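Colleague: I'd love a close look at one part of this model: the surroundings of the ligand. Please take me through it slowly, with your cut-offs as you go.

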Amino acid sequence: MSGAILPGAAIGVLGSGQLGRMFAIAARKMGYRVHTFSPDSDTPTGQVADVEVQAAYDDLDAVAAFARQVAVVTFEFENVPAATAAAAERFAPVRPAGNVLNVTQHRLREKTYLQSAGFPVTPYRAIRSAAQLQTAIGELGLPAILKTAGWGYDGKGQVKIDSLAQASDAWASLGTDEAVLEAFVPFEREVSVVAARGADRSFVAYPVIENSHRRHILDLSLCPAAIPERLARDAAEMARGVLESLDVVGVLCVEFFVTDDGKLLINELAPRPHNSGHLTIDACIACQFEQQLRSICGLPLGSTELLRPAAMANLLGDLWNSGEPNWPAACAIPGVKLHLYGKLQARPGRKMGHLTALAGDTATARASVIDARESLHRTG
Ligand code: AMP
């Protein structure tokens, strides 16, 4: 393939969390070198990368020096400042490109973009004052969810509003000057499509994944989702439309609500591999991180075929509340795989790792991944 970045080359990753770690593992398996850049040291990505650069994202000289050392720059954390991507872009291609980051790191820009491009989104209003919030509640009704426009993830910067009396406190609690009010969607289920688009504009998507959240944080993912085939096709086609419309080269995940009347609404985009796609590591021919590598390097995309039904359960820091989890107990359950991210401190709500279970059907995979996670609490 002409112009492809071949094994042996160095890939730069902005960000140093678990997504970068799993990317680095996939990249090193295929013979690439990995450099990571973030303000921290001894990070989940840095522990498995060839080079760990510790500098602030707004240290543009450090970003430029980093980009000079690599053949392509990608990211695992989309909340890097636009100037960071621009500084890197002067020395190496950034994939997905800065415009994709710009749209997806800001809820309001993302929703406005999706709506104007004709994709179905949750009804929303832009909010810049307590007075605007009152008006928007009048228009959208209650309950509703107020979300900060920028820098939100894993339910941070979100507050549900059930009564008009809560509105001004809700606005004050976000401590922001720009937010989005969304109508509360009484969804039937949540699903996601992890998709990749190559440098040659080829497109692949994984089978639709079904997700459930706890405290606004992803808890369980199942694949394939128990939805009608038509809906699964529509979700994949919508994902294709989003990647094409944004001209993504890389991986992007589209999160959907499936409404009670069987319609799809886009909740959110993530311009990178996604937590719901972690099960692809064990369950698919090429996982989402390999797909990220292939796409940003200009290699042909890999097969997204699901080898066996799978379930993934997140392991949050809360698990450590009563000491070290019982890892041997989970490892004793057939078909279960353990992934830990090397994080040095367990804090409540912090993603520390995940378990994946493979089985003959999703119900069995789900039961065994839940069983495995429960077993971590067992003593002795
Ligand atoms: P988000 O960070 O926006 O993806 O929100 C995290 C989770 O909160 C979602 O996956 C849903 O479970 C829930 N949520 C967010 N927005 C809404 C909404 N408009 N209606 C109902 N549930 C929501």
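Modeller: Happy to! Let me begin with domains, whose bounds come from an automatic or database domain assignment. The model is a predicted one: local features need pLDDT of at least 70 and side-chain atom pairs count only at pLDDT 80 or more, while totals for chains, interfaces and linings use all residues. Residues are numbered from 1 along each chain as its sequence is written, and side-chain values use heavy atoms, with hydrogens and water left out.

The chain is divided into domain 1 (10-94), domain 2 (123-183) and domain 3 (187-375). Domain 2 and domain 3 each supply at least three residues to the shell around the ligand. A residue is near the ligand if one of its heavy atoms lies within 4 Å of it. There are 16 residues around the ligand, and those that come nearest are Lys147, Gln158, Val185, Glu190 and Glu268. Sorted by class, the shell holds six nonpolar, five polar and five charged residues; here Ala, Val, Leu, Ile, Met, Phe, Trp, Tyr, Cys and Pro count as nonpolar, Asp, Glu, Lys and Arg as charged, and the others, Gly among them, as polar.

Now for the polar contacts, meaning pairs of N or O atoms within 3.5 Å. Glu190 has a side-chain N or O atom 2.5 Å from a ligand oxygen. For Gln158, a polar side-chain atom is 2.8 Å from an oxygen atom of the ligand, and for Arg107 an N or O atom of the side chain is 3.1 Å from one. On its own the ligand has 470 Å² of accessible area, and the protein covers 95% of that; such areas come from the Shrake-Rupley method with a 1.4 Å probe.

Which elements give two or more residues to the shell? They are strand 6 (144-148), strand 8 (179-183) and strand 14 (264-270). Strands here are DSSP runs of E, at least two residues long, numbered from the N terminus.

Strands 6 and 8 belong to an open sheet of four strands in the order 5-8-6-7, with antiparallel pairing. Two strands pair if DSSP finds at least two bridges between them. Strand 5 (124-127) and strand 7 (158-161) are the edge strands, each pairing on one side only. Ignoring direction, neighbouring strands of this sheet are turned by 20° against each other on average, using axes that are lines fitted to C-alpha atoms. Strand 6 and strand 7 run antiparallel and are joined by four bridges, and Ile145 stands opposite Lys160 in strand 7.

Note on methods
A polar contact is a pair of N or O atoms within 3.5 Å; within protein, one must be able to donate a hydrogen and the other to accept it, and residues adjacent in sequence count only if both atoms are side-chain atoms. Axes are lines fitted to C-alpha atoms, for helices over the stretch in contact, and angles run from 0 to 180 degrees between N-to-C directions.
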